[in-house]
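Let's take a walk through this structure together. Keep the viewer open, and we will go from one region to the next.

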Amino acid sequence: NRRIKPYRNLPSLQEDYQNDEEHLFENLPVEEKKEDIPIEKPIEKPIETPQQQEDDPFSNPTEEEKMEALKYLVSRVETDNGIQSPFFAGEEEEDDSSCKCKENIKGKYIFYNHQIFVCLGKDESNWNEKLESESPLIKSLDTALKKLRRKTKLRIRLTGIHIEGPSKGKKLDLMVFHSQAMVHVNGVTNENIDDHLKALFIEEQFSIYKPLTGTHIFVCCHGNRDEGCGFYGNQVYKEFEDKTKSYPDVHVYKSTCLLSHKYAGMLTIFQGPETSKSSNANFKVIGDMYGFITPKVVPQLVKYNVLGGTYYKEFWIGRMNMKPATAPKFANL
């Protein structure tokens, strides 16, 4: 009838038991020892909230949402007065009379002597990414221009425009802006490409072609190559058409790539000696290039360049036949 007292050393017995259990495997062969294999848990993707999905413009985008996603990515804001670019500081500016560009764009172009525009006869939404892939005939013209450059060292830029020429696509119809003349060249074929290039750029026989007069504005709207150019170029094009519709000698065109796409909206304005105050004996035709143009800037370009015959300094990049290194110095005169 002895009374059994509760065992007070239970923790120490547990420790001894654990030690004994560890000693059970001491004399076993090494290969029989078992090790715990860690189980990797699958990484769970966090569930996005509806607000997070709304903030991400590329979460399962549709074709219709691409342009909206573009606006989100470049942080451009549509306003009642037009479109504001991130290159302009201050969202509440009343106008763009002075440039707020974060980047000095003057001189940021590749030097060229002359410009050729080929009539594509179709809307910009149907343009190919590369102009030379539009047709075998355009490819032949591009090859002939490269051959001429190797021979003469002339840099001749080739660009497409949306209008249809008189040949209706069966032959090439061109608008040529030579440093000395602006002319139409119609009916170009594989057989006469070299003859036309010789007459234009070697012999300079401009009298055999129909002259171009007035002011010609080419706005890059090449959306199939760069969505920014397609979106902002079309906005600027529409604004130019609206602001110049009362001037019959002013012509506005949608064009393929003109300059670097990061300068969208970008455009070139060509004028001859009868409209440009910058014309001289060396260069009768003036082609001024502009970048970061918004619809709000168009009235200033119409005032200074289109009607005034000079150039609008703030958004000006350079000029045909002007060396890029000279452009910043010229703008500061």
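**Around F240 and beyond**

Let's begin at F240, which, leaving aside its neighbours within four places in sequence, is in contact with I217, V219, V252, L267, V298, L301, V302 and V306. Several of these names return when we turn to the largest nonpolar core, which has 49 residues. Within this core, F177, I217, V219, F240, L267 and Y290 touch the most other members. Another core lies apart from it, with 28 residues, including I156, L158, V176 and V185.

Before going further, a word on what you are looking at. This is a predicted model, and its chain averages a pLDDT of 79, with 69% of the residues scoring at least 70. Two stretches deserve your attention here. Over residues 4–14 the pLDDT stays under 50, and the model has 1 contact beyond four places in sequence for them. The pLDDT is also below 50 over residues 72–100, but this stretch has 59 contacts in the model beyond near neighbours in sequence.

Now for the overall layout. The secondary structure of the chain comes to 8 helices and 12 strands. Of the 333 residues in the chain, 43% are buried. Among contacts between residues at least 6 apart in sequence, 69% join residues at least 24 apart.

With that in mind, let's look at how helices meet. Two packed helices are described by the angle between their axes and the distance between the axes. Helix α6 covers residues 227–244 and helix α7 covers residues 298–306; they pack at an angle of about 55°, with their axes 10 Å apart. That angle makes α6 oblique to α7, because angles between 35 and 65 degrees fall outside both the roughly parallel and the roughly perpendicular classes. The crossing of α6 and α7 is right-handed. On the α6 side the contact is made by V236, E239, F240, K243 and T244, and on the α7 side by V298, P299, L301, V302 and V306. So our starting residue, F240, is one of the residues of α6 in this contact.

A second helix pair is worth a visit. The helices α4 and α5 pack at an angle of about 45°, with their axes 10 Å apart, and are therefore oblique to each other. Here too there is a right-handed crossing, in which α4 passes α5. From α4, the residues L137, S140, L141, A144, L145 and L148 meet I193, D194, L197 and F201 in α5.

Which residues does L197 contact, leaving aside its neighbours within four places in sequence? They are I116, L141, A144, L145, L148 and I202. L197 lies in helix α5, which spans residues 193–201. L197 has a relative accessible area of 5%, so it counts as buried, the cut-off being under 20%. Although L197 and A144 are 53 residues apart along the chain, their C-alpha atoms are separated by 8.3 Å.

Next, move to the loop between β9 and β10, where you will find L259. Is L259 buried or exposed? With a relative accessible area of 9%, L259 is buried. Leaving aside its neighbours within four places in sequence, L259 is in contact with Y109, R157, M266, M289, Y290 and I317. The C-alpha atoms of L259 and G291 are separated by 8.5 Å, with their positions 32 residues apart along the chain. The loop between β9 (250–255) and β10 (267–271) also holds G265. A cis peptide bond joins A264 and G265, with omega at about -10°.

Finally, check the backbone at two residues that are not glycines. K153 has a phi near 70°, a positive value in a residue other than glycine, and is found in the loop between α4 (136–152) and β4 (156–161). N321 has a positive phi of about 75°, and its place is the loop between β12 (316–319) and α8 (327–331). How do the two stand in accessibility? K153 counts as exposed, because its relative accessibility is 68%, whereas N321 is buried, with a relative accessible area of 13%.

Conventions:
Residues numbered from 1 in each chain as written. Predicted model: local features only at pLDDT ≥ 70, side-chain atom pairs only at ≥ 80, totals over all residues. Heavy atoms only, no water. Helix = DSSP H or I, 4+ residues; strand = E, 2+ residues; numbered from the N terminus. Buried < 20%, exposed > 50% of the residue type's maximum accessible area, 1.4 Å probe, protein only. Contact = heavy atoms within 4.5 Å. pLDDT = per-residue confidence, 0-100. Core = buried A, V, L, I, M, F, W, Y, C linked by side-chain atoms within 4.5 Å. Axes fitted to C-alpha atoms, helices over the stretch in contact; angles between N-to-C directions. Parallel < 35°, antiparallel > 145°, perpendicular 65-115°, else oblique. Left-handed = near helix turned anticlockwise from the far one by under 90°.
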